[in-house]
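Open the model in a viewer and keep the selection panel to hand. The stops below go one selection at a time.

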Amino acid sequence: MPLVCAGRDRQGNPVVWARTGLLDPPGCTQIPIVFIVRHYVYMMTRIQQAMEEVAMRENRPITGLFWIEDNSFLRTKHVNWTLIERVRQCMRVAQDVYPELQLRSMMVKANFVFEVAWGIAKHFFDAGTRAKILFCGEGKVEEVLAEWIDPSQTPECYGGTLEVDPALMPTDNPVPKSLIRDILKFCAEEGLVDS
């Protein structure tokens, strides 16, 4: 899933911009869940390390982040039970291992597929986590984001003025078949298989 840490919210916390709908269901469902969860832990650990580096540089605590999920790329192919189970397990890890890292989340550009997926996924979250999640439909994204994030800290593709390399915020994300083969080979060599 493409994501980039860019900008700060109005309290000075880092903002992660994720494009959930660019997950590749065929690729993700071939890869053993144990690998996906390990990769998720690695990704979250790296985000946490980056936050610690910034905190040291700025000589102030940075204990959490604002997570923006762009759901405009979700399609019916994402309502896939195998993929949903992988997301569920990653969300469980996030809540168990990184419980306060997410200060707030905002779901933007929610389409009808998101509504179906959220009907299932909302049960993956503890009540405290669900309370941190905001929702913003297609027509009010700039307005609602501006309440939480200054436009100078919002990427241009969301109506702000922050320049972010377009390669870091793609609008498509084909996963190379060679990468899937390499991951599957690694998993076989390491004995990482679904039970």
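Between which two elements is the loop in which asparagine 111 is found? The loop runs between β4 (102-108) and α4 (112-121). Bear in mind that this is a predicted model.

Select asparagine 111 first. Is this residue buried or exposed? Asparagine 111 counts as buried, because its relative accessibility is 19% and the cut-off for buried is under 20%.

Next, show polar contacts from the side chain of asparagine 111. Towards the helix, a side-chain oxygen sits 3.0 Å from the backbone nitrogen of valine 113, and asparagine 111 thereby caps the N-terminal end of α4. A polar atom of the same side chain is 2.9 Å from the backbone nitrogen of phenylalanine 114. The side chain of asparagine 111 also reaches the backbone oxygen of asparagine 71, at 3.4 Å.

Now add the residues around Asn71. Apart from neighbours within four places in sequence, asparagine 111 is in contact with Asn71, Ser72, Leu74 and Arg75.

Move on to α4 and select Val113, Phe114, Trp118 and Ala121, the buried residues of this helix. Why do they lie on the same side of α4? They cover an arc of only 130° around the axis, so they fall on the same side of α4. To see what these buried residues pack against, display β4 and β5 (133-136).

Last, turn to the face of α4 directed away from its buried side. The exposed residues there are Phe112 and Glu115.

Notes
Residues are numbered from 1 along each chain as its sequence is written. This is a predicted model: local features need pLDDT of at least 70, side-chain atom pairs count only at pLDDT 80 or more; totals for chains, interfaces and linings use all residues. Side-chain values use heavy atoms; hydrogens and water are left out. Helices (H or I, at least four residues) and strands (E, at least two) are DSSP runs, numbered from the N terminus. Buried means under 20% relative accessible area, exposed over 50%, partly exposed in between (1.4 Å probe, protein chains only). A polar contact is a pair of N or O atoms within 3.5 Å; within protein, one must be able to donate a hydrogen and the other to accept it, and residues adjacent in sequence count only if both atoms are side-chain atoms. Contact means heavy atoms within 4.5 Å. The arc is that of the directions from the helix axis to the C-beta atoms.
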